[in-house]
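Open the model in your viewer and keep the selection panel at hand. We will take a few stops together, moving from a single residue out to the whole chain.

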Amino acid sequence: QLLCNIAEKAGFTPEEIEAIKQIDVLDAAKLVEGRLDGHEELCRYVAAQLISSGYSLSHSLLASLPVEEYITTNYDQLFERAMESSGRDLSIIPYAPKHADSLLLKLHGCVSNPSEIVLTREDYIRYGERR
């Protein structure tokens with residue numbers, strides 16, 4: 001749904017949006033990227049869609065677990081907000097490393113650094129070069 005919303009903003013027709021729903025999401029992201037001004041604009045659109053001031057019960061429950069190390073492929077910062085609300089200090093790798101109670105490894109990027117978000121097949125292929 002997120003990619004379809006961005007495709008609509010990029011000028012895709014309803015028929016084209018239906019067509020991109022039928023292909024792999026990594027390839028669909030590349031098509032949408034082509035309609036925009038490249039990868040950075042696509043990532044900025046994704047980041048803008050995912051910025052939120054709240055978080056869910058599931059984020060709170062995860063934050064309450066007696067765990068010191070977390071790994072996510074999520075771009076949003078909902079878990080980080082839940083950890084902060086629970087009073088736990090969090091080191092966010094690679095974006096905000098510090099000595100903290102817990103560590104969160106964000107594998108696919110973060111809305112705080114949109115240009116590093118992993119979205120397309122090319123992003124996955126070049127993942128090792130970027131990290």
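## First stop: threonine 120

Select threonine 120: with a relative accessible area of 1%, it is buried, since the cut-off for buried is under 20%. Keep in mind as you look around that this is a predicted model. Threonine 120 sits in the loop between strand E3 (102-106) and H7.

Which residues touch threonine 120, once its neighbours within four places in sequence are left aside? Show Leu26, Ala29, Lys30, Glu33 and Leu42, and you have them. Now add aspartate 27 and draw a C-alpha to C-alpha distance to threonine 120: the two are 6.4 Å apart in space, yet 93 residues apart in sequence.

## Second stop: helix H3

Next, select residues 25-35, which form helix H3. Colour Leu26, Ala28, Ala29, Val32 and Glu33, the buried residues in this helix. Turn the view until you look down the axis of H3: the buried residues fall within an arc of 160 degrees, so they line one face of the helix.

What covers those buried residues of H3? Bring up helix H1 (2-9), helix H2 (14-20), helix H4 (39-50) and helix H7 (121-125), which are included in the cover.

Before leaving, zoom in on the N-terminal end of H3, which is capped by aspartate 24. A side-chain oxygen of aspartate 24 lies 2.8 Å from the backbone nitrogen of leucine 26.

## Third stop: histidine 59

Move on to helix H5 (residues 57-64) and pick out histidine 59. Is histidine 59 buried or exposed? Its relative accessibility is 14%, so histidine 59 counts as buried. Leaving aside neighbours within four places in sequence, its contacts are Leu78, Phe79 and Ala82.

## Last stop: the whole chain

Zoom out and switch to a cartoon view. The protein chain has eight helices and three strands, and along the sequence they follow the pattern α-α-α-α-α-β-α-β-β-α-α. Along the principal axes, the C-alpha atoms fill a box of roughly 50 × 35 × 20 Å.

Colour by burial, and 37% of the 131 residues come up as buried. If you draw a contact map, look at pairs at least 6 apart in sequence: 52% of those contacts join residues at least 24 apart.

Finish with a surface view. The accessible surface comes to about 7,700 Å², with 53% belonging to carbon and sulfur atoms. Colouring by charge shows 13 positive and 21 negative side chains, and the centres of the two sets lie 1 Å apart.

Note on methods:
Residues numbered from 1 in each chain as written. Predicted model: local features only at pLDDT ≥ 70, side-chain atom pairs only at ≥ 80, totals over all residues. Heavy atoms only, no water. Helix = DSSP H or I, 4+ residues; strand = E, 2+ residues; numbered from the N terminus. Buried < 20%, exposed > 50% of the residue type's maximum accessible area, 1.4 Å probe, protein only. Contact = heavy atoms within 4.5 Å. Arc of directions from axis to C-beta. Polar contact = N/O pair within 3.5 Å; in protein donor to acceptor, adjacent residues only side chain to side chain. Areas by Shrake-Rupley, 256 points an atom, 1.4 Å probe, with all protein chains shown as cover. Lys, Arg positive; Asp, Glu negative; His and termini not counted. Charge placed at Lys NZ, Arg CZ, Asp CG, Glu CD.
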